[in-house]
Amino acid sequence: MEYDFEKYDLTSFRQDLGELNIRLSGEQERQFLSFYELLTEWNSFMNLTAITEFDEVVKKHFVDSLSLVKVLPELGKEGASGKAYTLIDVGTGAGFPGIPLKIAFPELEITLLDSLQKRVSFLNAVIEMLSLSKITAVHGRAEDLAKPGKMRERFDFCVSRAVANLSTLSEYCIPFVKKGGSFISYKSAGAEEEAAAAGEAVKILGGAEPEVFSFCLPGTDMGRNFYVIRKKAPTPAKYPRKAGLPAKEPIHG
């Protein structure tokens, strides 16, 4: 399908990315515009996002997703082993932050995990339309796929913009991370108490004390936080617990 990209003004997007030291090629910009078109097209018949205006999607989804470079400036480079970094996006929904990260940093090997098949179908349509490689959309629950023998401790990084408290997210996400890797949670401003409450759970799951990085989205006063948890020990085999328990009964130590 051919889209009319001339109607979009990318000036603000380019300025915001400049603040993040990200430079896109013309082809990468077209991929972002195609992603937006497909997002709004599919959103007309399934619930993907409440944010649909172009400038808002760019700021609150695209730029917000890419702001990960503030805490992981090594994105897009090779790791110490000479191989590309691996990253899993847990609860990816409409593909945030995983799809924007893949477009901007094509070297990344990305897995998009979501529990709803309809969203995975959308993600596969995006991957096909944008001709993205080394990216896979997986239908399943973190509680199942992070079990020993599945996708456990396979990834350099795990990221999530999912709406859940940090204790619960840590149980979902930390098991996916290799020792020495990191789990990074995207949060709005004002989640300090939540992070403090998660400290014991993070420790039990093999993580170091969460580091918080606070900033405002470029060109706005919208406060954002990244909670970065480095994996320093293997996660005990009993975690994550069976479906539903991490949310109903967060680990408290």
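**Exercise 1. In this predicted model, work out how helices H2 and H3 are oriented to each other.**

Solution.
- Step 1: Find the two helices, H2 at residues 26-43 and H3 at residues 54-66.
- Step 2: Look at their axes, which come within 12 Å and cross at roughly 120 degrees.
- Step 3: Place that angle in its class. Roughly perpendicular covers 65 to 115 degrees, and roughly antiparallel begins over 145. H2 and H3 are therefore oblique to each other.
- Step 4: Add the hand: the H2 and H3 crossing is right-handed.

**Exercise 2. List the residues through which H2 and H3 meet, and sort them by class.**

Solution.
- Step 1: On the H2 side, pick out Phe32, Leu33, Phe35, Tyr36 and Leu39.
- Step 2: On the H3 side, their partners are Phe54, Val57, Phe62 and Leu66.
- Step 3: Sort them. The contact of H2 with H3 has nine nonpolar residues, with no polar and no charged ones.

**Exercise 3. Decide how far H3 is enclosed by the rest of the structure.**

Solution.
- Step 1: Mark the buried residues of H3, remembering that buried means under 20% relative accessible area. They are Phe54, Val57, Val58, Lys59, His61, Phe62, Val63, Asp64, Ser65 and Leu66.
- Step 2: Compare with the length of the helix. Since 10 of the 13 residues of H3 are buried, H3 is largely enclosed by the rest of the structure.
- Step 3: Identify what surrounds them. The buried residues of H3 pack against helix H1 (11-19), H2, H4, strand S5 (177-188) and strand S7 (223-230).

**Exercise 4. Now take a single residue, Val57, and describe its surroundings.**

Solution.
- Step 1: Locate Val57, which sits in helix H3.
- Step 2: Check its exposure. Val57 has a relative accessible area of 0%, so it is buried.
- Step 3: Set aside neighbours within four places in sequence; Val57 is then in contact with Tyr36, Leu39, Ile51, Thr52 and Phe62.
- Step 4: Try a residue far along the chain, Phe215. Val57 and Phe215 are 158 residues apart in sequence, and their C-alpha atoms are 19 Å apart in space.

**Exercise 5. Check the span of helix H5, then find its buried residues and what covers them.**

Solution.
- Step 1: H5 (residues 117-129) has 13 residues, and at 1.5 Å a residue the expected span is 18 Å.
- Step 2: From first C-alpha to last, H5 reaches 18 Å, close to that expectation.
- Step 3: Its buried residues are Val120, Phe122, Leu123, Ala125, Val126 and Ile127.
- Step 4: Their cover includes H2, helix H4 (98-104), strand S2 (109-114) and strand S3 (135-139).
- Step 5: Finally, look just past the helix, where Ser131 takes a positive phi of about 55 degrees.

Methods: Residues are numbered from 1 along each chain as its sequence is written. This is a predicted model: local features need pLDDT of at least 70, side-chain atom pairs count only at pLDDT 80 or more; totals for chains, interfaces and linings use all residues. Side-chain values use heavy atoms; hydrogens and water are left out. Axes are lines fitted to C-alpha atoms, for helices over the stretch in contact, and angles run from 0 to 180 degrees between N-to-C directions. Helices (H or I, at least four residues) and strands (E, at least two) are DSSP runs, numbered from the N terminus. Angles under 35 degrees count as roughly parallel, over 145 as roughly antiparallel, 65 to 115 as roughly perpendicular and the rest as oblique. A crossing is left-handed if the near helix is turned anticlockwise from the far one by less than a right angle, and right-handed if clockwise. Contact means heavy atoms within 4.5 Å. Ala, Val, Leu, Ile, Met, Phe, Trp, Tyr, Cys and Pro count as nonpolar, Asp, Glu, Lys and Arg as charged, and the others, Gly among them, as polar. The expected span of a helix is 1.5 Å times one less than its number of residues. Buried means under 20% relative accessible area, exposed over 50%, partly exposed in between (1.4 Å probe, protein chains only).
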